[in-house]
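Below is a short note for a colleague who is opening this structure for the first time. The points are numbered so that each can be checked in turn.

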Amino acid sequence: MNSRTLSEYRRVVGQPPISQLQQLARSLEGATVVHVNSTREGGGVAEILNWKVPLMNELGLIASWEVIEGNDDFFHTTKAFHNGLQGNSVPLTKPMIEAYESVVAKNAERLRPLLEQADFVFIHDPQPAFLINLCPNRRGKWFWRCHIDASRPNRRIWSYLRSIVNQYDASIFSMPAFTQRLDHPQFLIAPSIDPLSDKNCELSSREIDSVLGRFNISDEIPLLTQVSRFDRFKDPVGVIEAFNMLNGSVDAQLVLAGGGATDDPEGAAVFEEVQEAAAGNRRIHLLMLPADAHRTINALQRASTIVIQKSLQEGFGLTVTEAMWKGKPVIGGNVGGICLQVHNHHTGFLVDTPEGAALRIRQLLNQPDRIEEMGITARRFVAENFLLTRHLREYLTLMLGVRRGIENNLIAV
Amino acid sequence: MSERTENQFMPFEVKDCALITRMAGLGTAINLRELRERVADMPVDCLFHHFCETQVRPAFDDPEFSNDFAVWSARSLRDRVLAERLGVINPYTYCDLEVIRELVLEILDERISELAHFPSVQRGEEFLFMSATTVVFSTGILLSSPDDFFRQLPHISHSSIYYHFVEARRRTEHAGDDFSTWLTEYGSMFQDVVDTLSRIDFYYLSLPLLHDTIIREVGGIAVKVGHE
């Protein structure tokens, strides 16, 4: 797990955000907090927990991170939940529900004592959600933390999950648009990035050049990069279509870099489709990277002229935040959290089609000054609002608020 | 008030605040009629959030309007006439949120009467009603004198500025800011600083910009009169 301390973050964010955390945490000293998700590596949730749990501990809380273990049937079902929450039409059969509930029940045997005794329990995404049904003697407050764009969920999937989620004391969504009709309070906490993680820290030009060299990527040709899992919702094939539409009008090369996650069984199939779409084009580099290739991804983003995130559906879109932190304009899909981050003509462009992406790539590559201006604006916005200190502050505020009575609009601690 | 020496005054305790936002549970609005219905019924905390807490919420953009109703009218309804009418409302010029509610309802009624039909927004662009809880905490910083205030001003957080300079107007009887209230205890000695603070048109500035403005304006006076 991440071992960076608050004093290291102070060098990046300054003293006031660190003091805020310390002051808020005083009123929560000794509180036990448990986070549960379904994977230790790969994906935004694991990355967030990797810094959040140690920092909560440094602030005087007693925080831990538990990962539920599952088999193939379990992960196929939870992938269906994931896709269904994002609005895909997916089947939900009785055997799938049985596979899901039985795996969570096995995990509950191991986790129950810890969870039932905790002051605050944060259950991340649908995979471990059913734990609440199996922990009847809950002492603390339980939150369901949804990191997914659940704005238009598949009815059948949501109907099943809603019956579980409604049992929580509250839920947390990344954006107002992702919230649902639920019987409890729904809080809003946007995610964030860790500026000191391998994925976001400063890198030497030597290290960046070495990564480019390793993958035979030219450092003389403008680089367009999309970093995301090989997932249909990220539309990697659409990015290739956009790149092909440039048709030599501007000199560019494209990198599609994807990491795998242990809870995503579809990745390999989508990667094959992408390989087929890119076949024969030497300017397109497809990189299937291991889950821990954070510095490589960092180097690719830093080497990029423009970062692309042409998702068709998206949660918050942390790869967009990462790119903006590195001072890159982003051409992003007009969906989910990308709309919160990319502002047309200011931090990049929102697009709905491969044609739109091709148009904006051409526009920007012909205006190097605008690329730089947009990059400066993008980095400033992330620095002010979307680094992990703000994220952690909101969790502490939430815990204090819930403990003191959230119905009050002003609470002094 | 007789003027006292600096060490006879109470120090200023710098506080800070953090916001946690939640859905207000009021459903959504997809057109002007629905917005009007919700505004008429919403709790004042919800109205306060959409008018006054926009400055302290994390945001990627620096929108052209300071309240959420105007932003939604411009971005989602694409009704710039309405957006400008709503956008010019400065909630801090009214002593009661109910007065602001009436004003918003009047503007909406007027716009409804002007339009031949009511455009509805697309799915995903509905107005979503929110409210927030503010947790206030001490920073551990005590300003022993106005000179100390001038020195420390650049180093306190943007959200402390929000709490003492903006949110104070909701909390205090005279609807003023905490810095001016404290400085007034020194009699006329810092009246020019108090006057300068009162002239800052804070509602239309983002918090970083407001912080910079206060530093610039107050710092300028402090240098002029030798308080640095």
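1. In this predicted model, the C-alpha centres of domain 1 and domain 2 of chain A are 28 Å apart. The contact between these two domains takes 27 residues from domain 1 of chain A and 25 residues from domain 2 of chain A. The domain assignment gives domain 1 of chain A as 6–192 + 387–404, that is, in two segments, and domain 2 of chain A as 205–385.

2. The empty space enclosed in the model deserves attention next. The count comes to 1 cavity of 30 Å³ or more, and the volume of the largest cavity is about 860 Å³. The lining of this cavity is made by 46 residues, of which Gly43(A), Gly44(A), Val45(A), Arg229(A) and Lys234(A) are the closest to its centre.

3. Where does the largest cavity lie with respect to domain 1 and domain 2 of chain A? Both domain 1 (6–192 + 387–404) and domain 2 (205–385) of chain A give residues to the lining, so the largest cavity lies between them.

4. Several helices of chain A take part in the lining of the largest cavity: H3, H4 (72–85), H10 (294–303) and H11 each supply at least two residues. Among the contributors, H3(A) gives the most, with 5 residues. Sorted by class, the lining of the largest cavity has 13 nonpolar, 22 polar and 11 charged residues.

5. A pocket should be looked at alongside the cavity. The second largest pocket holds about 440 Å³ of space. It is lined by 24 residues, and the closest of these to its centre are Ala46(A), Glu47(A), Asn50(A), Ser197(A) and His294(A). By class, the lining of the second largest pocket has 8 nonpolar, 7 polar and 9 charged residues.

6. Which helices of chain A each supply at least two residues of the lining of the second largest pocket? They are helix H3, which spans 44–58, and helix H11, which spans 318–325. The largest share of this lining, 5 residues, comes from H3(A), and H3(A) is also the element that gives the most to the lining of the largest cavity. At the level of domains, the lining of the second largest pocket draws at least three residues from each of domain 1 and domain 2 of chain A.

7. Helix H3 also has a place in the strand pairing of chain A, since E1(A), H3(A) and E2(A) make a right-handed β-α-β unit. Strand E1 (residues 32–37) and strand E2 (residues 62–67) of chain A pair in the parallel sense over 6 bridges, and within this pairing Asn37(A) has Val67(A) in E2(A) as its bridge partner.

8. A comparable reading can be made for helix H11. Strand E10 (residues 306–309) and strand E11 (residues 330–333) of chain A run parallel and are joined by 3 bridges. The chain passes from E10(A) through H11(A) to E11(A), in a β-α-β crossover that is right-handed. In E11(A), the residue that stands opposite Val307(A) is Val330(A).

9. Strand E11(A) has a further pairing, with strand E12 (residues 348–351) of chain A, which is in the parallel sense and runs over 4 bridges. Here the bridge partner of Gly332(A) is Leu350(A), which belongs to E12(A).

10. Chain B can be described by its elements, of which there are 10 helices and 2 strands. Read from the N terminus on, these elements follow the order β-α-α-α-α-α-β-α-α-α-α-α. Along the principal axes, the C-alpha atoms of chain B fill a box of roughly 65 × 30 × 30 Å.

11. How many residues of domain 1 of chain B are in contact with domain 2 of chain B? There are 13 of them, and they meet 16 residues of domain 2 of chain B. The domain assignment of chain B gives domain 1 as 6–16 + 138–224 and domain 2 as 18–131, and the C-alpha centres of these two domains lie 30 Å apart.

Key: Residues are numbered from 1 along each chain as its sequence is written. Chains are lettered from A and ligands numbered from 1 in the order in which they are written. This is a predicted model: local features need pLDDT of at least 70, side-chain atom pairs count only at pLDDT 80 or more; totals for chains, interfaces and linings use all residues. Side-chain values use heavy atoms; hydrogens and water are left out. On a 1 Å grid over the protein atoms alone, a cavity is a set of points where a 1.4 Å probe fits but cannot get out, and a pocket is an open set with protein on both sides within 12 Å along at least five of seven lines; lining residues have an atom within 4 Å of a point. Grid points are joined across faces, edges and corners, and a volume is the space filled by probe spheres set on the points. Ala, Val, Leu, Ile, Met, Phe, Trp, Tyr, Cys and Pro count as nonpolar, Asp, Glu, Lys and Arg as charged, and the others, Gly among them, as polar. Domain bounds come from an automatic or database domain assignment. Two strands pair if DSSP finds at least two bridges between them. A crossover is right-handed if, with the strands pointing away from the viewer, the path from the first strand over the helix to the second runs clockwise. Contact means heavy atoms within 4.5 Å.
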